[in-house]
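The following questions and answers guide a first-year student through one protein model. Please consult the sequence and the structure while reading.

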Amino acid sequence: MQILHYEKLNKAQKEQALERPAINAGAQIQAIVAQIISQVREFGDKALIEQALKFDKAEISSVKLGKDEIQKASARVDKNLQNAIKIAYANIKKFHEAQIFKGVDIETMDGVRCELVSRPIEKVGLYIPGGLAPLFSTALMLCIPAKIAGCKKIVLASPAKINDAILFVANLCGVDEVYQMGGAGAVAALAYGTQSVCKVDKIFGPGNAFVTEAKRQVSADIKGAAIDMQAGPSEVLVIADKSANAEFIALDLLSQAEHGADSQVILACTDENLALKVSKAVEKELENLPRKEIAAKAIANSRIIIARNLDECVEISNEYAPEHLIIQTQKPRELLARINNAGSVFLGAYSPESMGDYASGTNHVLPTYGLTRTHSSLNLGDFSKKMTIQELSAQGFKQLAPSVEILAENEKLHAHKRAASVRLEALS
């Protein structure tokens with residue numbers, strides 16, 4: 001891995017050191033996605049069946065899976081895997097149940113009552129990628145909070161033929177409908193509906209450049225659907241001091257690198273000896289990875305940055321704003337208060353990113369590409385919306401109305417003023 005000394009870099013070089021690989025939905029991808037969306041809107045299921053054959057090399061006769069098919073697929077899943085999924089399910093459920101909104105109900109002044117309540121999004125579509133890896137873990141991360149939030153219609157889509165473990169999760173979580181469809185076509189079907197596919201209010205889930213572009217296009221259309229977030233390639237930044245285990249760090253970096261060739265991993269550390277050890281460990285561990293070719297391409301876009309101290313490491317991390325942040329230092333929690341920009345934080349040598357990716361309980365659907373400066377990790381609140389309520393007694397209204405009259409008059413909104421004035425007259 002490339003090793004850089006942060007203090008020796010000028011401002012432009014520092015910015016370059018923290019640059020991500022460019023991700024632009026080129027004009028060609030935009031045009032292809034627009035065409036796919038158009039085909040789905042015009043031909044519905046027929047287009048989806050043709051796309052399954054063209055893009056996924058899968059011959060299917062229907063888009064929607066029957067409950068019998070889902071049950072049979074679930075029964076085929078290895079018992080050890082079933083048990084592991086159930087443990088992950090329990091932890092994720094527990095953490096997300098703790099996020100249930102309690103509501104706000106206060107009197108801002110005598111007789112003026114204001115409330116904030118939560119309501120579930122009625123229909124949600126959960127997209128689970130099925131290309132390089134069948135992400136049944138993502139199915140858990142999306143299905144569980146959707147169910148806890150109380151969404152009335154939960155549907156799941158994944159490219160044909162859907163992996164048995166994904167169907168096991170769908171069955172375990174009580175998903176209402178499952179569709180075997182993938183890519184931009186699946187996003188279009190969820191956004192607009194087809195003969196078999198339910199039109200949803202909001203689409204969740206990661207995907208490749210075509211899925212991401214499709215989500216962008218349908219979310220920009222008033223007749224389309226809302227989306228969870230625009231997600232880019234996966235990334236991790238590790239902060240480490242000389243006490244850290246180089247092999248642990250190397251495997252944490254490679255855990256992200258094996259996601260895709262466009263992933264990026266960064267180590268910000270305080271010790272040059274550790275930097276050299278990590279670089280060698282990455283090289284060694286890389287040789288044994290089944291996804292070596294993919295990980296190697298990601299490592300080529302990655303680097304190790306040597307900082308003067310941990311304060312500078314935190315500065316680097318906040319500037320980069322990583323999707324995943326791992327802190328392997330002697331006292332990792334001491335740095336937490338200064339971390340402002342990160343999707344999910346992993347504290348200590350025994351909190352590798354894979355714990356959060358699968359089974360600790362936190363959600364692994366996270367903002368990437370610096371969006372952690374303004375966006376949150378996926379949580380229960382993403383499956384609901386908030387509604388404000390106000391209720392004024394006659395006495396409360398009489399106290400507040402004169403102020404509202406003055407405010408409305410000065411904004412030259414006379415109907416607003418009259419709405420208060422007429423009621424005051426009625427009360428007197």
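A residue counts as buried when its relative accessible area is under 20%, as exposed when that area is over 50%, and as partly exposed in between. The model discussed here is predicted.

Q: Is Lys 215 buried or exposed?
A: Lys 215 lies in helix H9, which covers residues 209–219. Buried means under 20% relative accessible area. The relative accessibility of Lys 215 is 4%, and therefore Lys 215 counts as buried.

Q: Which residues is Lys 215 in contact with, leaving aside its neighbours within four places in sequence?
A: Lys 215 belongs to helix H9, and its neighbours within four places in sequence are left aside here. The contacts of Lys 215 are then with Val 187, Ile 203, Gly 205, Ile 227, Asp 228, Met 229 and Gln 230.

Q: In what order do the 5 strands of the open sheet stand?
A: Strands of a sheet pair through backbone hydrogen bonds, either parallel or antiparallel. In this open sheet the pairing is parallel. E6 and strand E8 (226–227) stand at the edges with a single partner strand each, so one side of each has no neighbour in the sheet. The order is E6-E5-E4-E7-E8.

Q: How many bridges join E4 to strand E7?
A: Strand E4 consists of residues 123–127, and 4 of its 5 residues are buried, so the rest of the structure largely encloses it. E4 runs parallel to E5, to which 5 bridges join it; in E5, Ala 157 is the bridge partner of Tyr 127. Towards E7 (residues 202–204), which also runs parallel to E4, Val 124 stands opposite Lys 202. The number of bridges that join E4 to E7 is 3.

Q: How many of the 10 residues of helix H7 are buried?
A: Helix H7 spans residues 164–173 and is mostly covered. Its buried residues are Ala 165, Ile 166, Leu 167, Phe 168, Val 169, Ala 170 and Cys 173. They pack against helices H4 (67–76), H5 (79–97) and H6 (136–149), and against strands E5 (153–158) and E6 (177–180). The number buried is 7 of 10.

Q: Which residue caps the N-terminal end of H7?
A: At the N-terminal end, a side-chain oxygen of the capping residue lies 2.8 Å from the backbone nitrogen of Ala 165. After the helix comes Gly 174, whose phi is positive, near 75°. The residue that caps the N-terminal end is Asn 163.

Q: Where is the cis peptide bond that has omega near -15°?
A: Most residues other than glycine have a negative phi, and most peptide bonds are trans. The cis bond considered here leads to Lys 161, a residue in the loop between E5 and H7. The bond runs from Ala 160 to Lys 161.

Q: Why do helices H2 and H3 count as oblique to each other?
A: Two packed helices are described by the angle between their axes and the distance between the axes. For H2 (residues 27–43) and H3 (residues 45–56), the axes are 6 Å apart and the angle is about 140°. An angle over 145 degrees would count as roughly antiparallel, and 65 to 115 as roughly perpendicular. An angle of about 140° fits neither range, and therefore H2 and H3 are oblique.

Q: How do the residues of the contact of H2 with H3 divide into nonpolar, polar and charged?
A: From H2, the residues are Ile 36, Gln 39, Val 40 and Phe 43. In H3 they meet Asp 45, Lys 46, Ala 47, Leu 48, Gln 51 and Phe 55. The contact divides into 6 nonpolar, 2 polar and 2 charged.

Q: What is the phi of Lys 57?
A: Lys 57 lies in the loop between H3 and H4. At 66% relative accessibility, Lys 57 counts as exposed. Its phi is positive, although the residue is not glycine, with a value near 55°.

Q: What is the phi of Tyr 369?
A: Tyr 369 lies in the loop between helix H15 (353–358) and strand E14 (384–392). At 30% relative accessibility, Tyr 369 counts as partly exposed. Its phi is again a positive value in a residue other than glycine, near 60°.

Q: What percentage of the 428 residues in the protein chain do buried residues make up?
A: The secondary structure of the protein chain comes to 17 helices and 14 strands. Its C-alpha trace spans about 85 × 60 × 45 Å along the principal axes. Buried residues make up 46%.

Key
Residues numbered from 1 in each chain as written. Predicted model: local features only at pLDDT ≥ 70, side-chain atom pairs only at ≥ 80, totals over all residues. Heavy atoms only, no water. Buried < 20%, exposed > 50% of the residue type's maximum accessible area, 1.4 Å probe, protein only. Helix = DSSP H or I, 4+ residues; strand = E, 2+ residues; numbered from the N terminus. Contact = heavy atoms within 4.5 Å. Polar contact = N/O pair within 3.5 Å; in protein donor to acceptor, adjacent residues only side chain to side chain. Axes fitted to C-alpha atoms, helices over the stretch in contact; angles between N-to-C directions. Parallel < 35°, antiparallel > 145°, perpendicular 65-115°, else oblique. Nonpolar A, V, L, I, M, F, W, Y, C, P; charged D, E, K, R; others polar. Pairing = 2+ DSSP bridges.
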